[in-house]
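Reader: I am in my first year and would like a close look at one part of this model. Please take the second largest pocket and what is found around it.

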Amino acid sequence: MMTDYDVIVVGAGPAGSIAAREAAKKGAKTLLIERKKEIGAPVRCGEGIGVEHIKGMDIELTKNDYASVINGARLVSPDLKNNITVRTEQSKGYVLDRKSFDKHLAMEAGRAGADVMVKTEVIDVIKDKDNKVKGVKVVSGILEASSDHTNNDVYDITCNVLIAADGAESRVARMAGVGINTIRPLSEYDSGYEYEMVNVDCDDLIELYFSNEYAPRGYLWIFPKGKDSANVGVGIGGDKSDNGIFAKKYLDEWIKGPMHERFKHAQPVAIKGGLIPVGSSLDRLVADGFMVIGTAAHQVDPIHGGGIGLAMKSGLMAGAVAGDAINNNDYSESFLKRFENMWNEKLGPKLKKRLLLRKAVEQLNDNDFNSIFNTLDDNDINLLLEGKYKGVALKVLKNRPQLLKSLKALIV
Amino acid sequence: MSVKIDKDKCIFCGACVGVCPVMALRLNNDRIEWDADKCIYCGNCEKICPANAIKVEKK
Ligand SMILES: Cc1cc2nc3c(=O)[nH]c(=O)nc-3n(C[C@H](O)[C@H](O)[C@H](O)COP(=O)(O)OP(=O)(O)OC[C@H]3O[C@@H](n4cnc5c(N)ncnc54)[C@H](O)[C@@H]3O)c2cc1C
Ligand code: SF4
Ligand code: SF4
């Protein structure tokens, strides 16, 4: 059967735009669909990204794409008395301007030959009589109805491979009904709230604040966008807001309370927030004619909740495999599994290891953190970031043997 | 029983949409739509909301 497109990608975030670019580069007739009327806006993100995530993506960052260059990170203890500063190649990065960055990536998809459709929302997935994914149903504010078109603004668009890159909401995989469930227990999500603020003194480091009091099972952050402006936010465990406490309230109380001096002149110029899946990637990423990628597939770094870099990596792999599928005339699950295997091979072990660290850190209370900040130095943090846990965990245990149970998984 | 969204507090972030197990919620630009026929009143949306903008009323 002739389809409208070879590949349809839903969602023009970092995952979807890179996937569409890669599929188009392979010669596949590709459509990128985005619900928003302007790609990139509104932003729901802290916008921090490590340089290593940009490398290998074949993107030339323009000056508009980022607000600031970051040379490292400062980690701060719950009592605010201690901090550890890391300045390594690994910890360098950017605070992006995602309004510009996301649009830039979508333009690259367009330049590679993909069609781009904004103000168009996928409301269902179309299947054929064998229950195979065949395309999408959309409501669109930009498609022109043909004369025989009666059903308001609803249209069907068909394809051979559908890629769901619809971010944390992740409804498209569920619409597809191919046995990929994207819902996890609330403890595997963070709930985030953030202000972009002016009159906040900043240097060239991102700042992470650990505190069970103000960010249960998460952390607070200050990501500089300039010398006097920053994204200031909190992520808390998804099962931690209840009974009148929620992410916004934690953040407000932190800003007004212990951080009052730093923020006494600060003014919010934007509010951002949202859902961050922080467990592990979905096990199943493909079905016949179907792939799910990026944050929609829970592909987020379990330690810091960053998802932009992994979304692009996922898009890079999935777009290429989708393009190959078209060129081989094989859209079966077993062909598309090349993407799933690639993901597991390249990132599986590393992410599994980082999840281990998250699970251990989640068990620490503020006294534990305060004591750990007295014990560890920047070199130890580097070791942790490199996945070398054992020596660091033993060092912590020397001072705090009572943590043996929490840290046991890190020393075997 | 109903699910109420406080439009003044809501920041249209879609967090509730992502944890609704039965797809009873949809983010439509600056609006959250709730489908009473699908809702199973599980409370996920209320618990995840970073802005305290959605309430599951069980009476
Ligand atoms: C408060 C907060 C702070 C964060 N901070 C950081 C950070 O500092 N660094 C970092 O790396 N990550 C951060 N993240 C995570 C990061 O924002 C995401 O992981 C990243 O955007 C995922 O990219 P994506 O392409 O997978 O999805 P998204 O960027 O979410 O893109 C999905 C796109 O799909 C569109 N879409 C959804 N449904 C449909 C539909 N039915 N039809 C058409 N289009 C649809 C959406 O409009 C959206 O544009 C943060 C997240 C939050 C909530
Ligand atoms: S989670 Fe809360 S703030 Fe976000 S869209 Fe839903 S109701 Fe609105
Ligand atoms: S109560 Fe549960 S089922 Fe109902 S809208 Fe909220 S999350 Fe969905």
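Author: What follows describes the pocket, then two backbone features, and then the surroundings of a ligand.

This is a predicted model, in which local features need pLDDT of at least 70 and side-chain atom pairs count only at pLDDT 80 or more, while totals for chains, interfaces and linings use all residues. Residues are numbered from 1 along each chain as its sequence is written, chains are lettered from A and ligands numbered from 1 in the order in which they are written, and side-chain values use heavy atoms, with hydrogens and water left out.

The second largest pocket holds about 510 Å³ of space. A pocket here is found on a 1 Å grid over the protein atoms alone, as an open set of points where a 1.4 Å probe fits, with protein on both sides within 12 Å along at least five of seven lines. Grid points are joined across faces, edges and corners, and the volume is the space filled by probe spheres set on the points. Lining residues have an atom within 4 Å of a point.

There are 25 residues in the lining, and those closest to the centre of the pocket are K36(A), K37(A), P42(A), N29(B) and D30(B). Two or more residues each come from β9 (120-127), β10 (133-140) and β17 (267-277) of chain A, and from β2 (25-27) of chain B. Strand β17(A) gives the largest share, three residues. Strands are DSSP runs (E, at least two residues), numbered from the N terminus. By class, the lining has nine nonpolar, six polar and 10 charged residues. Ala, Val, Leu, Ile, Met, Phe, Trp, Tyr, Cys and Pro count as nonpolar, Asp, Glu, Lys and Arg as charged, and the others, Gly among them, as polar.

P42(A) sits in the loop between β2 (30-33) and β3 (48-50) of chain A. The peptide bond that leads from A41(A) to P42(A) is cis, with omega near -5 degrees. The loop between β9 and β10 of chain A contains N131(A). N131(A) is not a glycine, yet its phi is positive, about 70 degrees. Most residues other than glycine have a negative phi, and most peptide bonds are trans.

Chain B also has residues around ligand 3 (near means a heavy atom within 4 Å). Of the 13 residues there, C20(B), C39(B), C42(B), G43(B) and C45(B) come nearest. That shell divides into 11 nonpolar, two polar and no charged residues, whereas the pocket lining includes 10 charged ones.

Notes: Helix = DSSP H or I, 4+ residues; strand = E, 2+ residues; numbered from the N terminus.
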